[in-house]
Amino acid sequence: MTKTRRRPYAQQRPQDLGGGVWSVPVPIPGNPLGYTLVYAVDSPRGPVLVDAGWNHPDAWQALETGLAALGLDVSAVSGVVVTHFHPDHAGLAGRVREVSGAWIAMHEADAALVRLMHGLAEGEHRSFQEDMLRRAGADEGDVEAVGAGRPHAPAPPDRELRDGDLVDLPGRKLRAVHTPGHTPGHICLHLEDADRLFTGDHVLPDITPHIGIYPYDRDDVDPLGDFLDSLDRVTELGPLDALPAHEWIFPDVAARAAEIRHHHEEKLTRLAALLTRPLTIWETASMMTWNRPWDELAPVLRGMAAGEAAAHLRTLEARGEIDRVPGVHPVRFKAIDS
């Protein structure tokens with residue numbers, strides 16, 4: 001199996017990975033991730049893409065020319081199976097469908113979110129964001145800056161998948177493995193006839209995916225707990241070759257999944273130690289360790305950090321290690337014995 005290392009997008013090239021599988025790097029303009037690895041899997045009806053990339057003219061050109069360099073034509077694509085609804089994965093799926101008539105498939109949980117996004121007016125989204133930030137304890141400057149953005153909704157899917165479903169790929173066995181956490185409907189795709197796993201953002205070779213909770217103060221879901229359980233599911237699949245959506249291809253996805261689980265368990269331990277007094281979600285996020293100091297994070301990154309802090313707090317709460325302070329606004333968390 002070909003193994004690649006992370007390089008700047010300018011150094012990336014389309015690759016024939018053997019066994020009727022190809023990869024095309026598609027840029028994400030203005031994003032430090034650099035690119036999404038879009039995969040094509042051979043089919044008698046035309047290639048099926050795993051993810052499609054960001055909806056941007058440069059990304060479309062890269063996808064179209066990258067496929068052509070491998071002897072594939074975007075107009076011949078028969079389907080796009082999306083690992084999750086985020087714009088760097090689902091953004092170009094609609095344009096591929098327009099050009100080729102391909103179907104789009106994603107997990108039913110993410111399909112429900114896409115429908116919700118399409119039905120949400122601009123004012124409703126901003127009000128939702130601002131209220132969520134205030135309940136987390138953000139100051140008004142961050143409320144205004146973070147609440148101003150709105151993601152573009154991807155094209156709605158034609159088909160919805162559930163855990164264990166086979167993707168419409170004649171002659172191959174490509175099975176959906178529901179791995180919630182990064183999104184409620186994130187899926188990995190197990191190419192069972194080749195011992196390969198398309199991991200989307202669930203298991204990456206060097207970085208870890210964002211695990212957040214939205215609204216921050218929800219108490220009826222536990223996305224980090226779901227993510228940790230999903231890592232265990234991937235570990236149980238064994239040492240498959242991993243084809244992730246970012247960074248590089250790597251062997252033994254089970255070993256990497258175990259490493260990521262350990263990383264989050266250590267993070268939970270450190271977080272619990274911070275709660276020497278009741279803290280808001282925003283205060284908690286500001287005290288945690290990120291890839292740069294809190295004061296240097298752009299407002300949108302502070303919002304994401306708060307989402308991740310909230311997810312870790314929620315898991316500790318679900319485990320009975322911390323509790324919410326009753327009757328206070330914004331919401332605060334405390335150690336059980338404090």
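A nonpolar core is understood here as a set of buried Ala, Val, Leu, Ile, Met, Phe, Trp, Tyr and Cys residues joined through side-chain atoms within 4.5 Å. In this predicted model, the largest such core contains 46 residues, and the members that touch the most others are Val-203, Tyr-216, Ile-281 and Trp-282. Several helices contribute to this core: H5 (122-136), H6 (140-147), H7 (223-236), H8, H9 (281-287) and H10 each supply at least two residues. The largest share, seven residues, comes from H10.

The surroundings of Val-203 can be described residue by residue. Leaving aside residues up to four places away in sequence, Val-203 touches Leu-231, Val-234, Pro-244, Phe-250, Val-253, Arg-256, Ala-257 and Ile-260. A second core, separate from the largest one, comprises 29 residues, among them Ala-59, Leu-63, Val-77 and Met-106.

The packing of H10 against two other helices comes next. Two packed helices are described by the angle between their axes and the distance between the axes. Helix H8 (residues 253-274) packs with helix H10 (residues 299-318) at an angle of about 85°, and their axes lie 10 Å apart. Because angles of 65 to 115 degrees count as roughly perpendicular, H8 is roughly perpendicular to H10. On the H8 side the contact is made by His-264, Lys-267, Leu-268, Leu-271 and Ala-272, and on the H10 side by Glu-308, Ala-309, His-312, Leu-313, Thr-315 and Leu-316. Classified by residue type, this contact has six nonpolar, three polar and two charged residues.

Helix H7 also meets H10: the two axes come within 7 Å and cross at roughly 80°. That angle makes H7 roughly perpendicular to H10. Here Pro-223, Leu-224 and Gly-225 of H7 meet Ala-311, His-312 and Thr-315 of H10. The contact of H7 with H10 has three nonpolar, three polar and no charged residues. His-312 and Thr-315 of H10 thus appear in the contact with H8 and in the contact with H7.

Helix H4 offers a view of how buried positions are arranged around a helix. The buried residues of H4 (residues 108-118) are Asp-110, Ala-111, Val-114 and Met-117. Viewed down the axis of H4, these buried residues fall within an arc of 115°, so they line one face of the helix. An α-helix has 3.6 residues a turn, so residues three or four places apart point the same way. The buried residues of H4 pack against two strands, S6 (103-107) and S7 (159-161).

Definitions and conventions: Residues are numbered from 1 along each chain as its sequence is written. This is a predicted model: local features need pLDDT of at least 70, side-chain atom pairs count only at pLDDT 80 or more; totals for chains, interfaces and linings use all residues. Side-chain values use heavy atoms; hydrogens and water are left out. Axes are lines fitted to C-alpha atoms, for helices over the stretch in contact, and angles run from 0 to 180 degrees between N-to-C directions. Helices (H or I, at least four residues) and strands (E, at least two) are DSSP runs, numbered from the N terminus. Angles under 35 degrees count as roughly parallel, over 145 as roughly antiparallel, 65 to 115 as roughly perpendicular and the rest as oblique. Contact means heavy atoms within 4.5 Å. Ala, Val, Leu, Ile, Met, Phe, Trp, Tyr, Cys and Pro count as nonpolar, Asp, Glu, Lys and Arg as charged, and the others, Gly among them, as polar. Buried means under 20% relative accessible area, exposed over 50%, partly exposed in between (1.4 Å probe, protein chains only). The arc is that of the directions from the helix axis to the C-beta atoms.
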